[in-house]
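I have opened a fresh page for today's browsing. Here are my notes, entry by entry, on what I looked up.

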Amino acid sequence: MVLTPRLELIGITKRYPGVQANNNISLKVMPGEIHALLGENGAGKSTLVKCIYGVQKADSGTLIWEGKKTQVTSPNIARRLGIGMVFQHFSLFDAMTVEENIVLGVSNKLAKAGIKEKITEISSRYGLPLDPQRYVQTLSVGERQRIEVVRCLLQNPSLLIMDEPTSVLTPQETESLFKTLNQLSKDGVSILYISHKLHEIKELCHTATILRMGNLVDTCNPKNETPRSLAEKMMGKSLEKPTRIKNSPFGKPQILLNNLSYKANQSYGTDLKNISLEVRGGEILGIAGVAGNGQRELMKVLSGEELSNPPESIVVSEKNVGNTGPNDRRSLGMVFVPEERLGHGAVPQMGLSENAFLSGFTRMKLANYGFLRKIETDIYASNIITNYDVKTSGIRSLAASLSGGNLQKFIFGREIIQNPNIVIAMQPTWGVDAGSAAYIRQSLIDLAEQGAAVLVISQDLEELYEIVDTICVIYEGKLSSPKQLEDISTEEVGMLMGGVIINSQEDNPLNGI
Amino acid sequence: MVFKLEPRAVSSRVMIYQSPIIAVFLTLLAGMVMFRLMGTDPLQALEAFFIEPISTMDGIAELLVKAAPLILIAIGLSIGFQANVWNIGAEGQLTIGALFGGSLALVFYELETPFLIPAMLLAGTFGGMVWAAIPALLKTRFNTNEILTSLMLTYVALLILSYLIHGPLRDPDGFNFPESRLFHNSALMPVLVEGTRLHIGILIALGVAIFAWLFIFKHMIGFQIRVVGLAPAAASFAGFKQKKLIWLALVISGGTAGLAGVIEVAGPIGQIVPVISPGYGFTAIIVAFLGRLHPIGVIFSGLLMALTYLGGDSAQITMNLPNAVTGVFQGMLLFFLLASDVLIRYRIKIR
């Protein structure tokens, strides 16, 4: 007997103005199958899923649900059919309890008395421990995701869509999520799993559909593939791994943090507690950690957007700079690449030339008695575009018109041309296509090899393992002591990220470098 | 046939400049419908409103007299608006500026010196700055909303004017009318064309426009103002100090409004009266947006908006139409401008 697929898509096509998001995509998801949807950012994964869940309407194509041709015109209809979705960004109210949040998100019929029992039943059956009475603001990101999963499971879905669920989880949390998903699959629930993390897909999924620039490239069994072959299908070209040529001894410390503490001025911000650190010339130091553990605050304090006291808490070139602004630090040879490209690292509605001026005017001397030196600025911007392979129609193009990868290359180029001796970058390849990501990682390595001190704050462990010499973990505003990459296992890093090992410098002052 | 709005992939740069023209066109069209409904010949009414007032040398002089304060205020406001600082209280800053400059004329009454007018202009500018400094202080210190504080301070300013004009500044020989003495000659703006009221105010406005253009597009501080308005986080990444820029934006816009105020009392009015401005401070908001927050654009939109003031008077005299027509035209212009601005980010698609 041939099984009826749970979901079948035939020829789904969706255009946005200027972009072909999905072009004639067909796929089948069988009952109990964990089906990966794999592709780079912008490959069309999210659009396809939105068409399935009824958030977007496909321009053409057919959706067949359990053998019947169906029109899914709204998420409500999708839920009624038995499609549940866990979004990458949670929709939870911080000031409410787990139970209240779940009640708010389910149908009226379910939200009656007895829901607490159902929550407990589902969480124990699928290994999703949750206390219904806890307030969401006290929960970790992993726990918050469990709320969303439980909320979906309460509706007895037969297809569960998960959009990049592990991007915010520690390795341990990821493992426990996989156990849940496998259990669900055994119970006959189909899962559509969106990710660009190849190891996960190989480990978890039965089938993989690979998208590239809106087109279906291949459908394969990921167990028969290597992460490398998957990546090459995803990118459509062979992948170059960043390489480090030499491993000469590190130079003098370029930047020192001495017992740096900082009180976050936003509610829900994270205070930084007694962070000490040094990065030497030629060294790439990575700071791992789950989002929201103080990375943002650390970045702001390092860049001088927020000041820290006392001034000697940050020392650059033997000068105390804790109380100086970004441009004083730039003149000492520091450059910064913030996490958010549009709106922080660049002004979306300004041209590339003006965006080059934005952080370059100090070191490139682009202002003359306060007047803009337009010709010099334009030359600087064109140099960035040609030397860093930025695809754009010219220096007058608005920053917002560039793709994520191209804009990130532009921002990196803008900082690197300034010939820095300290580079501080946060999430350098977040949301960047794999080709540009490899390019950016290589340029960070090249910078270190030319003697610069490089500090990378990232949630992407794969990225850190690819480029750093030294690694430490930030957890609740405290930093673990830096370790050579060879001296620490992934498990240890994972446990530090989850706060299982408390190994901060504050608690263990002997744990020096 | 169905018309649909479809988002553009990239905002249309052409539309940014076309939209004011479309708005003017639609305003004229709607104006004709309005005149028709009021029972007058639309073309004749439009002629009375827009052509007649500027068909004589005297009319053109009047147009420039009215455009000067509008242009001055709108330049200041557009600098503020670019920094995302919403000074709605230019009318109050204008009033205080007029009081500062006008008081100087009264204190040095009958003093014959060429330095009095420059001193008055400076005093007026300073007065407007002081009045705008209050919302700046409140915003940077206590995070208050400058839209509310600057607007409310307008009414405070008008009451101060009313008090002074009924008391200390009242003309001692004026039979208790709430007016100051008429300024003497050296406290009046030099006239450009004999026999008209056209004074050097329009030249000052043009000079300020050119200066503002240099300041906004060629200087660091203008760059900082634009960045802080477009992307505040990028401004702090670049090391620009936001509080300083809020102060600057408010004080500049207050200064130009104050300057416009003293130009009014030392120009066409010639004394301090209970009503100094026919709402220039508010109309200038429309001028600023119609001129795309660009100093050169503001010159053109200032002239157009000045024409609506003259047209209202003219339509009242020749066609017996109510003076409120001016307000209706100004309102329609802003309304259609905001509507046409949708086309910057969307296009119309016909199915």
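**Entry 1: a helix and its surroundings**

Which residues in α9(A) are buried? Before answering, I remind myself that this is a predicted model. I went along the helix and noted A:Q295, A:E297, A:L298, A:M299, A:V301, A:L302 and A:S303 as buried. Helix α9 of chain A covers residues 295–303, and seven of its nine residues are buried, so the rest of the structure largely encloses it. I also looked at what follows: just after α9(A), A:G304 takes a positive phi of about 90°.

**Entry 2: the sheet beside it**

Next I traced an open sheet of four strands in chain A, and I wrote down its order as β12-β11-β14-β15, with antiparallel pairing. Which strands stand at the edges? They are β12 (272–280) and β15 (319–320) of chain A; each has a single partner strand, so one side of each has no neighbour in the sheet. I then checked how β14(A), residues 314–316, meets β15(A): the two pair in the antiparallel sense over two bridges. Within this part, I found A:V316 opposite A:K319 of β15(A). Back to my helix: α9(A) packs on the sheet and touches β11 (253–262), β12 and β14 of chain A. The direction of α9(A) makes about 125° with that of β11(A).

**Entry 3: salt bridges**

How many salt bridges does a search of the whole structure find? I noted 23 over all chains. A reminder to myself: side chains of opposite charge can pair when their charged atoms come close.

I started with A:D187 and A:R125, which form a salt bridge with their closest N and O atoms 2.9 Å apart. A:D187 sits in the loop between α6 (171–186) and β8 (190–195) of chain A, while A:R125 belongs to helix α4 (residues 115–125) of chain A, so this pair ties together parts 62 residues apart in sequence. Buried or exposed? I wrote "partly exposed" for A:D187, because its relative accessibility is 36%. A:R125 is partly exposed as well, with a relative accessible area of 47%.

My second pair was A:K409 and A:D389, a salt bridge whose closest N and O atoms are 3.5 Å apart. I placed A:K409 in helix α13 (residues 404–416) of chain A and A:D389 in the loop between α12 (374–387) and α13 of chain A, so the pair ties together parts that are 20 residues apart in sequence. A:K409 counts as buried because its relative accessibility is 6%, whereas A:D389 is partly exposed at 39%.

Then I moved over to chain B. The side chains of B:E146 and B:K139 meet in a salt bridge, at 2.9 Å from N to O. B:E146 is buried, with a relative accessible area of 3%. B:K139 counts as buried too, at 18% relative accessibility; the cut-off that matters here is under 20%.

Which residues are linked in a network of salt bridges? I listed A:R441, A:D460, A:E463 and A:E466.

**Entry 4: a nonpolar patch on chain B**

I turned to the surface of chain B and found a nonpolar patch there, formed by B:F3, B:L5, B:V342, B:Y346, B:I348 and B:I350. Together these residues have about 560 Å² of accessible area. Which element gives the most to the patch? It is β2(B), with three residues. I noted that β1 (3–7) and β2 (346–350) of chain B each supply at least two residues. B:V342 lies in helix α13 (residues 325–345) of chain B, and it counts as partly exposed because its relative accessibility is 33%.

**Entry 5: two distances**

To finish, I compared places along the chain with places in space. A:N24 is in strand β2 (residues 19–29) of chain A. Leaving out residues up to four places away in sequence, I saw that A:N24 touches A:G11, A:I12 and A:T13. A:N24 and A:L139 are 115 residues apart in sequence, and their C-alpha atoms are 42 Å apart.

My other probe was A:M495, in helix α16 (residues 490–497) of chain A. A:M495 is partly exposed, with a relative accessible area of 30%. A:M495 and A:T170 are 325 residues apart along the chain, and 8.0 Å separates their C-alpha atoms.

Definitions and conventions
Residues are numbered from 1 along each chain as its sequence is written. Chains are lettered from A and ligands numbered from 1 in the order in which they are written. This is a predicted model: local features need pLDDT of at least 70, side-chain atom pairs count only at pLDDT 80 or more; totals for chains, interfaces and linings use all residues. Side-chain values use heavy atoms; hydrogens and water are left out. Patches are made of residues with over 30% relative accessible area and no salt bridge: like charges are joined within 9 Å, nonpolar side chains (Val, Leu, Ile, Met, Phe, Trp, Tyr) within 5 Å. Accessible areas come from the Shrake-Rupley method with a 1.4 Å probe; for residues, only the protein chains shown count as cover. A salt bridge is a side-chain nitrogen of Lys or Arg within 4 Å of a carboxyl oxygen of Asp or Glu. Buried means under 20% relative accessible area, exposed over 50%, partly exposed in between (1.4 Å probe, protein chains only). Two strands pair if DSSP finds at least two bridges between them. Contact means heavy atoms within 4.5 Å. Axes are lines fitted to C-alpha atoms, for helices over the stretch in contact, and angles run from 0 to 180 degrees between N-to-C directions.
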